[in-house]
Amino acid sequence: MLKWFRERRRRRVRARAFPGEWDAVLETLPLCRRLPDADRTELRGHIQVLLDEKRFEGCAGMAITDEIRLTIAAHAACLLLHRKTAYFPQLESILVYPHAYEAPSERHIGDYVVEEGTEVREGESWYRGSMVLSWDDVQRGVSDLSDGENVVLHEFAHQLDDESGEADGTPLLEGRRQWRNWVRVFQAEYEALQEADARGRRTLLDPYGAESPSEFFAVATECFFERPRKLGQRHPELYDQLRRYFRQDPAAW
Ligand SMILES: [Zn+2]
């Protein structure tokens, strides 16, 4: 019953008129400009739902504006097109800092020694409830489509990964067959990136993806939307798996 009410509300929210000023913000975002027209209509509906359901909070003196909310929601919504979606069900709030922020860190040295310190972060996705983003880095990521880096796509990809119950680089897939193919391709590509990184070779995928399967999925998602043609040429199987999962073909845009 709850689900029925939620679906009904979402249908209404998606159908709301999309303000002209919001469209003006979308026009400034290279990824949104590149989307086919039909996708942009769907995107607007998803943005409305995200703005309706997620809380945006400014941190360290940051005031949340429509530009901030729309920029973040629009890129998150790009990951939802053409699929039945639950709208990142584990995510309640998005905390936005003006700049990269310092967070306490622990570094393991050997088996028994932990060095405590701080590290600078651009964003992070916590398993339950909230995501943290630095507005500086969001702007840098969304304005340049050729660098393959986009912290919003990255953090929301982690949310999709978490939906399957485990942050293991495998989001919710359609069936056993898709799952088998996904695991085969991702495993091989992940190991290849680890090896290239260990040898210091330049890679199309951000070497940060060699950290873990879940980081690999996040950086592959960034590359899929930002540098689709290159990804399709150099990693055709990986591109194909992402194309099937996202039900989008950005290389053809
Ligand atoms: Zn990450």
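Me: What makes up the area that the protein chain exposes?
Reply: The protein chain exposes about 13,300 Å², and carbon and sulfur atoms supply 48% of it. Accessible areas come from the Shrake-Rupley method with a 1.4 Å probe; for residues, only the protein chains shown count as cover. The model is predicted: local features need pLDDT of at least 70, side-chain atom pairs count only at pLDDT 80 or more, and totals for chains, interfaces and linings use all residues. Residues are numbered from 1 along each chain as its sequence is written, and side-chain values use heavy atoms, with hydrogens and water left out.

Me: Why is Glu21 called exposed?
Reply: Exposed means over 50% relative accessible area, buried under 20%, and partly exposed in between (1.4 Å probe, protein chains only). Glu21 has 56% relative accessibility, so it counts as exposed. Glu21 lies in helix α2, residues 20-27.

Me: Why is α9 called largely enclosed by the rest of the structure?
Reply: Of the 14 residues of α9, 13 are buried, so the helix is largely enclosed. Helices (H or I, at least four residues) and strands (E, at least two) are DSSP runs, numbered from the N terminus.

Me: How many helices and strands are in the protein chain?
Reply: The protein chain has eleven helices and six strands.

Me: Why is the protein chain called as compact as a globular protein of that length?
Reply: The globule rule is 2.2 Å times the number of residues to the power 0.38, and the radius of gyration is taken over C-alpha atoms. For 253 residues the rule gives 18 Å, and the radius of gyration of the protein chain is 18 Å, so the chain is as compact as a globular protein of that length.
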